[in-house]
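Subject: Structure handover

Hello,

Here is the structure I promised to pass on. Please open it first, then read the notes below.

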Amino acid sequence: MGKPQKKKNVADKVRKTKTSTEIKNNPFEVKVNRKKFDILGRKGKHDVGLPGVSRSKAINKRKNTLLKEYKQKGKANKFIDRRFGEYDTKMAPEDKILQRFSMERQRTLEKKDMYNLNEDEELTHYGQSLAEMEKLNDIVDSDSDSEEKGLLSAELTASHFGGGGGLLRKKGPGEKGDKGRSRQELIDELIIKSKQEKRERQTQKEESHVLTEKLDQEWKSIQGLLSHKGSRAQSQDQTEKPKLDDYDMMVRELGFEMKAQPSEKLKSEEELAREERERLQNLEADRLRRMRGEAAESSKKKAVHFSADDLNDGFILDKEDKKMLAYKDGKWSVGEEKEEKEDVEGEEGESGEEEEVEEDDEEAEEDSEDGDDSDDDEEDSDEDAHSDLESEQGSAREEEELEKDEEELPAASASCQLSEEELKAQQEAAKAELPYTFKAPDNTEELKDMLQGHSPLIQRLILERTLKSNHPSLAVGNKLKLQKMFGFLLEYMGELASSKPPELNTVNILTPQLYGLCQLFPAAACKAMQTLLGDSAHGIEETVEVTGRAPFPGLDTLIYLKITALLFPTSDFRHPVTIPAFLCISQALTQCPVTSLQDVTCGLVLCCLALEYVTLSRRLFPEVVNFLLGVLHLAVPDKTTLGFSVVSPFKQVGRNAELLVLNTPEATEGWSRTPLRLSAVQGLQLHSDLEKDHYRLSLLNTCLDLVKRCAVLYKDTTSIFHIFQPIRAALAHLPLKNYPAPLQELHREVLEALPETPAQQLPLVFDKKKPIPLKLLTPKIVQVLDYGKKRGNTKEQREQERLKHKYKKEFKGALREIRKDTRFLAREKLSDVMKRDSERKRKVKELMGSLSTQEGEWKALKKMKRK
């Protein structure tokens, strides 16, 4: 019995599955919950459909999102609703409306009632205030001055607004008829009557005014009798003005202070350059005119400044303006004396008139201040005084500018009629003057021809005028010319330094002009300086390769190194100009042997430059320390017990190992501390032994000063004790007894600046880290359970495995969606291309058909013509 029952249950299950699949496949049995609105990105709770429906939904979704984005790609027309709270889903519609209304009212109140102190709102009706409407104070414009304003007579109303019916209406039985009079007569009569009424009202008003004045006068006479008469002292106290307190006095003083004046507009660099060039061109044209001996032009009249509140009432009434009648040479002449007088006064210029006008303004000012004591009068006089001060200042400023122009143009104020001797003297003076405009040089020779033969100050002036005449903003090619001019000026300064004797004062004066060019063209200046420093370094290397030794660089190279420190930053870690300069200095201090006092001088100058380079960055310069140690080694007479050895470019023993050892003990008597001359780098001439010993003491003084500077500069360095330990040993072996007192004092200061014991800081070492073990080939044993599934041992491992699995699943789904989106876009693009191609083929086919039709018609017409 059990087995048949089991088969029956299996059959029922099969039957139930068949019916369920049939129901699912039947579209009439599918229940679909439709929505009123389709919202993109929102998932429905009861989306039910056939298997094909999901695919169509995905396509429709891509059409509504991806396809729209593709079609709108590159377009900027987009409507954005910027109303308040439009995209805020948390706010109710009523709250949005109330907030928008309040914001709108607030916006209008901020503009309209910005300075209104009343907090109450003003109610309006059709844009008119209700408070004003309640007052009933409407103003009616009328020609009548009667007290009954706004009221019109019945006749006037009937004539204007009644269409004339009031004039021509029928009379009553008691009234006289106007049948004999026309409409024009009636209107004239009405006009006469209205004028008569107006005249009567005016006379009545005048009579009332006269009566009012009479009553006022009578009241004044009676008022004295009615008033209470007090004591005389009390009346004087009442008439006296109250004393001003400190606050009122300060307010009045502030009122009389000068008001702030607007400053002139700041001009751009191009405008300033253009004005300066025009000024120089005008000055040069005037100089050339004076060289040719031409007459000077008439001087320009001075511009009189008028303030904004000037009423043009500052004229003078001292002279008589009446025309004089006279009889001369048998003819009547009118106003000749006056014309002659005016001519005489015109020759004196307008300066006297300006002074008189200013005096009149001052007198008017004083009168206005002394006249009334009321507040209004004080304010008016204050404003007038300020305007006069402004006009006086403006006229004074213009007079200063005109005086400056007259100084620059010496011929402007001179008389036009000059004698021949004065004209020749003027021509010679103009020829001797320096030109105001110069052409930018094309090479170094032109620059030398332009500058040589002049004093250093004149050379600087020539460079300034050249820069102003050829400013980069004035022409296209000026920039390239001035860039080249920087290199030419560098070469010229090198030649000045190499000349005998060197013109170092000229180099010092021309350096600011070089700095200005460097600020205008930093890239060109960097390239030019790199070229010069590179040539110097390559020259030293070639000389060392050929001869094995190289001399110290000349004074021109030292000048270039000094200019480099002035033009470019020396504290940068890397710089395209200062780093080559560093290398050039270190190369000279290590590869150039010291064979004379001149070489020692050059080396100390290089050490000074090196310390100047590292003053801000405090970069360690071991070549400088080594050279200073070598110089001190040259001053030690006994070198057997030094305890240290020197390196290149110095030698432990030899012919030049005692260059700074004194020869005569009397050298300390006449020596004084003086700085070394830079010109001693080249052409040093010392004739006597005393001069040589004095120079040795000066070199030793400079060396000790540099050692002190190094000790102060590197005092925070950890290894300073080990660096300066040889220098301390050399200082201990110097013969101090043979040196003067200032040098001994400097020696003591240097020893105090040097550290006596090594620093307690530990040296720098690498951080201790746990060593990374080598990779082992031992296999990793993982327990596999549940038919190949990996299970972690701990909860964290299981969570990590779950997240990895979820990540892979999401990643695969994202890739699948991206591929579907790509295929969808590719289909859409292909369909667009096919549509365009089909449309193009259709149009081409139509055109070809029309052309073939035209060709057939033309051939038929041609045949007909032949027949």
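Which residues make a nonpolar surface patch of about 410 Å²? Tyr-247, Met-250, Val-251 and Leu-254 do. Leu-254 belongs to helix α9, which covers residues 246-256. Keep in mind throughout that this is a predicted model.

There is a charged patch as well. Asp-442, Glu-445, Glu-446 and Asp-449 form a negative patch on the surface. Glu-446 sits in helix α15, residues 444-451. Its relative accessible area is 35%, so Glu-446 is partly exposed. Patch members need over 30% relative accessible area, and Glu-446 has 35%.

Next, the salt bridges. The count comes to 22. I picked out three pairs and one network.

Glu-612 and Lys-562 are the first pair on my list. Their side chains meet in a salt bridge, with N to O at 3.0 Å. This pair links distant parts of the chain, 50 residues apart. Glu-612 is in helix α22 (residues 597-613), and Lys-562 is in helix α20 (residues 555-567). How accessible are the two partners? Glu-612 is partly exposed at 29% relative accessible area. Lys-562 is also partly exposed, at 32% relative accessibility.

Now Glu-749 and Lys-708. They form a salt bridge whose closest N and O atoms are 2.9 Å apart. Glu-749 lies in helix α26 (residues 741-753) and Lys-708 in helix α24 (residues 689-713), so the bridge ties together parts that are 41 residues apart in sequence. Glu-749 counts as partly exposed, at 27% relative accessibility. Lys-708 counts as partly exposed too, at 28%.

Helix α26 also holds a salt-bridged pair of its own, Arg-748 and Glu-752. Their side chains meet at 2.6 Å, N to O. Why are these two separated by about one helical turn? Because they are four residues apart in helix α26. Is Glu-752 buried or exposed? Glu-752 is exposed, with a relative accessible area of 56%, because exposed means over 50%. Arg-748 is partly exposed, at 37%.

As for the network, it joins Asp-81, Arg-83, Glu-86 and Arg-100. Salt bridges that share partners hold these four in one network.

Last, the cysteines. How many disulfides does the structure hold? Zero. Cys-518 is in no disulfide. The nearest cysteine sulfur to Cys-518 is that of Cys-526, 8.5 Å away. A disulfide needs the two sulfur atoms within 2.5 Å, and the sulfur of Cys-526 is 8.5 Å from that of Cys-518. Cys-592 is in no disulfide either. For Cys-592, the nearest cysteine sulfur belongs to Cys-602, 7.6 Å away.

Where do the two cysteines stand on accessibility? Cys-518 counts as buried, at 4% relative accessibility. Cys-592 is buried as well, with a relative accessible area of 0%. Both values fit the cut-off, because buried means under 20% relative accessible area.

If you look at one region, I suggest helix α26. Glu-749 of that helix pairs with Lys-708 of helix α24, while Arg-748 pairs with Glu-752 within helix α26.

Best wishes

How values were computed:
Residues numbered from 1 in each chain as written. Predicted model: local features only at pLDDT ≥ 70, side-chain atom pairs only at ≥ 80, totals over all residues. Heavy atoms only, no water. Patch = residues over 30% accessible without salt bridge, like charges linked within 9 Å, V, L, I, M, F, W, Y side chains within 5 Å. Areas by Shrake-Rupley, 256 points an atom, 1.4 Å probe, with all protein chains shown as cover. Lys, Arg positive; Asp, Glu negative; His and termini not counted. Charge placed at Lys NZ, Arg CZ, Asp CG, Glu CD. Buried < 20%, exposed > 50% of the residue type's maximum accessible area, 1.4 Å probe, protein only.
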